[in-house]
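Reader: I would like a close look at a single part of this protein, namely one place where two helices pack together. Could you take me through it slowly, in connected prose?

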Amino acid sequence: MPDLADPLASLEPCGIDVSLGGLIYTIPPVPASKWLSALFDDFGSFSGVIELLTVADRAAIEQQIIDGTIAAEDMEAVFHDAVEVASGRTWWVVINYMNLARGFWARFHGRVLASGMNPDKVSFGAYLDAIHFAFIEGREEQGIQKITNFLETPPPGVKIDLDEDSEGETFLAMLNGSR
């Protein structure tokens with residue numbers, strides 16, 4: 001079963017450029033703890049991501065919102081893009097990870113801390129790797145597949161653009177590999 005996470009997002013926090021209202025803003029490189037706080041405070045919303053910007057950038061964006069130069073769909077797209085870059089995963093997979101982690105926080109976070117991982121020192125992608133490992137460790141393939149299906153299921157109404165040629169090639173490669 002392929003792991004769909006981008007390994008680069010797991011290595012270190014990176015700055016993320018976002019475009020709003022014709023201007024470029026940069027979310028500075030921040031550790032997992034900042035992303036977790038932002039996403040848990042304003043769960044699955046642009047306001048969580050905007051909190052990661054500098055005070056001056058937040059003020060400029062708030063002014064653009066007041067002036068009407070930023071549309072709601074632009075804010076949603078920025079949320080999706082920023083979360084995907086920081087995590088190395090599709091935005092809805094991140095939301096599903098956060099739902100899973102929130103439901104089992106004491107068990108999961110205790111295990112992560114006991115392993116020596118410090119959310120102030122690792123990237124958001126690395127922390128999601130730890131969440132993933134904590135939930136699949138010791139499970140049979142069927143249990144792993146169930147968790148993977150939950151994580152990869154987009155919310156209702158989200159359309160997924162599939163590259164049919166690529167999907168077909170992947171399917172044929174899997175068939176050929178199983179013979």
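Author: Contact here means that heavy atoms lie within 4.5 Å, and it is in this sense that one element is said below to cover another. The model is a predicted one, and the part I have chosen is the pairing of helix α6, residues 91-103, with helix α8, residues 124-136.

As a setting for this pair, the secondary structure of the protein comes to ten helices and two strands, and from the N terminus on the elements run α-β-β-α-α-α-α-α-α-α-α-α. Of the 179 residues in the protein, 37% are buried, and among contacts between residues at least 6 apart in sequence, 67% join residues at least 24 apart.

Helix α6 has 13 residues and reaches 19 Å from its first C-alpha to its last, which is close to the 18 Å expected at 1.5 Å a residue. This helix is mostly covered, with ten of its 13 residues buried, and those ten are W91, W92, V93, V94, I95, N96, Y97, M98, L100 and A101. The elements that cover the buried residues of α6 include α2, α5, α7, α8 and α9.

Helix α8 likewise has 13 residues and reaches 19 Å between its first and last C-alpha, close to the expected 18 Å. Ten of the 13 residues of α8 are buried, so this helix is largely enclosed by the rest of the structure; the buried residues are F124, G125, A126, Y127, L128, A130, I131, A134, F135 and I136. Their cover includes α1, α2, α5, α6, α7 and α9. After α8 comes G138, whose phi is positive, near 80°.

Turning to the pairing itself, α6 and α8 pack at an angle of about 55°, with their axes 11 Å apart. Angles under 35 degrees would count as roughly parallel and those from 65 to 115 as roughly perpendicular, and the two helices are therefore oblique to each other. Their crossing is left-handed. On the α6 side the contact is made by V94, Y97, M98, L100 and A101, which meet F124, L128, I131, H132 and F135 of α8. These contact residues divide into nine nonpolar, one polar and no charged.

The spacing along each helix can be read with a general point in mind: an α-helix has 3.6 residues a turn, so residues three or four places apart point the same way. With that in view, V94, Y97 and A101 can be followed along α6, and F124, L128, I131 and F135 along α8, as members of the two sets that meet.

Terms used:
Residues are numbered from 1 along each chain as its sequence is written. This is a predicted model: local features need pLDDT of at least 70, side-chain atom pairs count only at pLDDT 80 or more; totals for chains, interfaces and linings use all residues. Side-chain values use heavy atoms; hydrogens and water are left out. Axes are lines fitted to C-alpha atoms, for helices over the stretch in contact, and angles run from 0 to 180 degrees between N-to-C directions. Helices (H or I, at least four residues) and strands (E, at least two) are DSSP runs, numbered from the N terminus. Angles under 35 degrees count as roughly parallel, over 145 as roughly antiparallel, 65 to 115 as roughly perpendicular and the rest as oblique. A crossing is left-handed if the near helix is turned anticlockwise from the far one by less than a right angle, and right-handed if clockwise. Ala, Val, Leu, Ile, Met, Phe, Trp, Tyr, Cys and Pro count as nonpolar, Asp, Glu, Lys and Arg as charged, and the others, Gly among them, as polar. The expected span of a helix is 1.5 Å times one less than its number of residues. Buried means under 20% relative accessible area, exposed over 50%, partly exposed in between (1.4 Å probe, protein chains only).
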